[in-house]
Amino acid sequence: MLEVENLDVTYGRTRAVKSVSLTVGEGEIVTVLGANGAGKTSLLRALQGAVRPSGGRIRFNGRDLTAQSPAARVRDGMVLVPEGRQIFVSMTVEENLLMGAYLRKDASVDRDIASIYERFPNLAERRYASASSLSGGEQQMLAIGRALVSRPRLIMLDEPSLGLSPLFVERLFTLLGDLNKDGIGILLVEQNTTMALDIAARGYVLELGTNVLEDTAEALASNTALTEAYLGGHGETATEEPARLA
Amino acid sequence: MSGYMSGILSILAINIIFAYGIFLAVATGQLNLGGAGFQAVGAYAAAYLTATFGLSVPLTLLFGVVLAGLVGVAIAFPILRTKGVYLVLATFAFAEVITGAILNSEELGGAMGISVPAYVDWYVPVIMAVCVIGFVFYVMSTRFGLAMRAIHDDEQVSDLMGVSIRGVKVVAFGIGAALAGLSGGLYAVSYSYVEVQSFNALLSIYVLLYVLLGGTQTAWGPLVGATFFTILPEVLRDALPALKTAVVGLFGDADNVAPPDESWRFVILGLMTILMMVIRPEGLVTRTMVENLQFWKKGATSARREVTEG
């Protein structure tokens, strides 16, 4: 479904992403792992069109999207849930969800928003409350709900578990599993290596902008040398910096 | 109605329309400090067309709106490439260019101004202001209005959601310029005289203050801001001498008080501006405040229901 070939992202003279290739199949969960500064966020920003790659190619369902706007990608069914769950803080919960449907002109938006509320009863209760009044975990659910309203076929998430309580991390990964059962492909960038490899089918490991490893999730999970060398061991998630709260 | 009251109503209505013009730009995160320039375009279009071609008032107003809107869209493309303080300076420079050009144009009367052979009573600007208020509230309730607020909140994420940032900004800036032009046209036909000196930098600053101090989060802000800051100097006109008499009265000699200097009104206005910025940086009317008012209403009705059901 998504094919990325030799992607380069350059900021000024810094090459943040160097010749990275990856694929995500229809309905597949793929994870991209790597320490801070490995180029994961730059990769996602390029995939969503927020930065123009300096080289390489992005194809989605056979269509070349390398030079397309973010809007074109959302229309084609790719959507990014940005890091730090950047919801629109001056809007209500419902208005945030409506923003997810910004490009849709069909009549079934209301039905889709209703189904989001079914999935996240917490949001339904607070639908007319300001989004800034939600807890961190609820804001992450809202950011994902907003992405879902665009009816994606591939949802990309940038560090969704960052700063969440263990309970919400658990719920988040259950949710990703559910979405995947509904046939949505997932590209998951995570520092929570254990959970990510647990849910994903395949994984890529980035270091300093290059793709250093690529394997099935099982093989990566059993590769202890990997976790120590590139990802700083299992204890990492516990010492993470607190999340930015919009 | 006294001439004084109708004069205040006219200028209040004009200021409200003007403030909504600037609000539409500010609501998409663009500080527009060129308000006087757009108002001058509208005012001079109306004045010139009436004086030279004898066009009717509705027609000249329409011309002013369209011309200011077109100028707004035309300069929006280059100007909106700049950000933050540079955008503020660029809009400011634009207004200086407009007024400078008028000042040096013999055709437009130069420093002499143009006297306008037309006059409208206070209710014309007031009716127009009501229409503009309704229009802006409507715009803010549409998908376009939602996109404007999204851009104000977070441009990057709006981009990810597929909002055309440039498009929304240009349209909002252009409509805002058209409204500022309308306020200028109404000014010309209400006062029957335009001179370029009245469209100065201070005017641009004041109207931006109306908007910022009123609040940019909801469409109530400019209405409250413009009303407050138009009425306040008038209230102070009477209140200030009374205040001085009272203060001097504390020390005995209340009968021989010279009225305070006019400029004290503006000192107080300035102090209030600073106070507002410190106490309420988001402006007088915030979204939370509007929501609370609505909740209060809802709460009241549900409480009543409980009483009747219980």
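The largest nonpolar core of this predicted model has 156 residues, and those touching the most other members are Ile155(A), Met156(A), Ile17(B), Ala19(B), Ile22(B) and Tyr44(B). The element that gives the most to this core is helix α8 of chain B, residues 165–191, with 14 residues. Tyr44(B) can be followed further: apart from neighbours within four places in sequence, its contacts are Ile102(B), Leu108(B) and Val194(B).

Chain A and chain B also meet directly. On the chain A side 19 residues are in contact with 18 residues of chain B. Helices α2 (70–76) and α3 of chain A each supply at least two residues to that side, and α3(A) has the largest share, four residues. Sorted by class, the side of chain A that touches chain B consists of 13 nonpolar, five polar and one charged residues.

Within chain A, helix α6 covers residues 136–148. From its first C-alpha to its last, this helix of 13 residues reaches 18 Å, close to the 18 Å expected at 1.5 Å a residue. How much of α6(A) is buried? The count is 11 of 13 residues, so the helix is largely enclosed by the rest of the structure. A residue is taken as buried when 20 or more other C-beta atoms lie within 10 Å of its own. The buried residues of α6(A) include the nonpolar Met141(A), Leu142(A), Ala143(A), Ile144(A), Ala147(A) and Leu148(A), but Glu138(A) and Arg146(A), which count as charged, are also among them. The cover over these buried residues comes from several elements of chain A, including the strands β6 (78–81) and β7 (154–158) and the helices α3 (93–100), α4 (109–119), α5 (121–125) and α7 (166–181). Helix α3(A) thus appears both in this cover and in the side of chain A that touches chain B.

Chain A also contains an open sheet of four strands, in the order β2-β1-β4-β5, with antiparallel pairing. Its edge strands are β2 (14–24) and β5 (63–64), each of which pairs on one side only. Strand β1 of chain A, residues 2–11, pairs with β2(A) in the antiparallel sense over seven bridges. One bridge joins Val9(A) to Val17(A) in β2(A).

Confidence varies along chain A. The mean pLDDT of this chain is 87, and 91% of its residues reach 70 or more. Over residues 233–246 of chain A, however, the pLDDT is below 50, although this stretch has 21 contacts in the model beyond near neighbours in sequence. Where pLDDT is low, the predicted coordinates should not be read in detail.

Definitions and conventions. Residues numbered from 1 in each chain as written. Chains lettered and ligands numbered in written order. Predicted model: local features only at pLDDT ≥ 70, side-chain atom pairs only at ≥ 80, totals over all residues. Core = buried A, V, L, I, M, F, W, Y, C linked by C-beta atoms within 7 Å. Buried ≥ 20, exposed ≤ 12 C-beta atoms within 10 Å, placed from the backbone. Contact = placed C-beta atoms within 7 Å. pLDDT = per-residue confidence, 0-100. Expected span 1.5 Å × (residues − 1). Pairing = 2+ DSSP bridges.
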